[in-house]
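Trainee: Could you take me slowly through one part of this model, namely the charged pairs and their surroundings? I would like one connected explanation that I can follow with the structure open beside me.

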Amino acid sequence: MKFEFKDQFRAVIKVGGKFSTFPKATDTLEELSVVLDKAGLSVGNIVAIETFKVLEEKQRGRAKARY
């Protein structure tokens, strides 16, 4: 069984002296900046950008559905 992964990006932000991870992740860095802008945050609030891998195919539970 071969798993296909894709990269996603999330931002670590600093607001009011506190660090937190922005709750939304995107497929590209450009989309991440648009989402942050819509949330009222500027690029200056970003401390770091993290990349992580997610499965291409959605799964429920431990195994793929058999039907």
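Mentor: The structure holds three salt bridges, and since this is a predicted model, please read each distance below as a value computed from predicted atoms. Let us go through the pairs one by one, and then look at what lies around them.

To place the pairs, it helps to have the order of the elements in mind. The protein chain has one helix and three strands, and from the N terminus on these elements follow the order β-β-α-β.

We can begin with Asp27 and Lys6, whose side chains meet in a salt bridge with a distance of 3.9 Å from N to O. This pair links distant parts of the chain, as Asp27 belongs to the loop between β2 (18-21) and α1 (29-38), while Lys6 belongs to strand β1 (residues 5-15), and the two are 21 residues apart. How do the two partners stand towards the surface? Asp27 has a relative accessibility of 35% and therefore counts as partly exposed, and Lys6, at 29%, also counts as partly exposed, because that class covers the values between 20% and 50%.

The next pair is formed by Asp7 and Lys53, whose closest N and O atoms are 2.8 Å apart. Here, too, distant parts of the chain are linked, for Asp7 is in strand β1 and Lys53 is in strand β3, 46 residues apart. Asp7 counts as partly exposed, with 41% relative accessibility, whereas Lys53 is exposed, with a relative accessible area of 58%; the value for Lys53 lies above the limit, because exposed means over 50%.

The remaining pair consists of Arg10 and Glu50, whose side chains meet in a salt bridge at 2.9 Å, again taken from N to O. Arg10 lies in strand β1 and Glu50 in strand β3, so this pair ties together parts that are 40 residues apart in sequence. Both partners fall in the middle class of accessibility: Arg10 is partly exposed at 28%, and Glu50 is partly exposed at 31%.

Arg10 deserves a further look, for its charged end sits over the ring of Phe52, 4.2 Å from the centre of that ring. The residue that meets Glu50 in a salt bridge thus also has its charge placed over an aromatic ring. If you go on to look for two aromatic rings paired with each other, a search of the whole structure finds zero such pairs.

Now let us turn to Gln8, which is found in strand β1. Is this residue buried or exposed? At 14% relative accessibility Gln8 counts as buried, because buried means under 20%. Leaving aside residues up to four places away in sequence, Gln8 touches Ala25, Thr26, Asp27, Glu50, Thr51, Phe52 and Val54. Several names in that list are already known to you: Asp27 is the salt-bridge partner of Lys6, Glu50 is the partner of Arg10, and Phe52 carries the ring under the charged end of Arg10.

Gln8 can also be compared with Thr28 by way of the backbone, since their C-alpha atoms are separated by 6.9 Å although the two residues are 20 residues apart along the chain. Thr28 lies in the loop between β2 and α1, and with 29% relative accessibility Thr28 counts as partly exposed.

On the surface there is also a group of another kind, a nonpolar patch formed by Phe3, Phe5 and Leu55, which together have about 280 Å² of accessible area. Leu55 is found in strand β3 (residues 46-55), and at 34% relative accessibility Leu55 counts as partly exposed.

Finally, we can set these details against the chain as a whole. Of the contacts in the protein chain with a separation of 6 or more, 54% are between residues 24 or more positions apart, and Asp7 with Lys53, 46 residues apart, shows such a separation in a salt bridge. Buried residues make up 18% of the 67 residues, and Gln8 is one of the buried residues. The protein chain exposes about 5,700 Å², of which carbon and sulfur atoms supply 52%.

Terms used: Residues numbered from 1 in each chain as written. Predicted model: local features only at pLDDT ≥ 70, side-chain atom pairs only at ≥ 80, totals over all residues. Heavy atoms only, no water. Patch = residues over 30% accessible without salt bridge, like charges linked within 9 Å, V, L, I, M, F, W, Y side chains within 5 Å. Areas by Shrake-Rupley, 256 points an atom, 1.4 Å probe, with all protein chains shown as cover. Salt bridge = Lys/Arg side-chain N within 4 Å of Asp/Glu carboxyl O. Helix = DSSP H or I, 4+ residues; strand = E, 2+ residues; numbered from the N terminus. Buried < 20%, exposed > 50% of the residue type's maximum accessible area, 1.4 Å probe, protein only. Phe/Tyr/Trp six-rings, centres within 6.5 Å; stacked < 30°, edge-to-face > 60°. Lys NZ or Arg CZ within 6 Å of the ring centre and 35° of its normal. Contact = heavy atoms within 4.5 Å.
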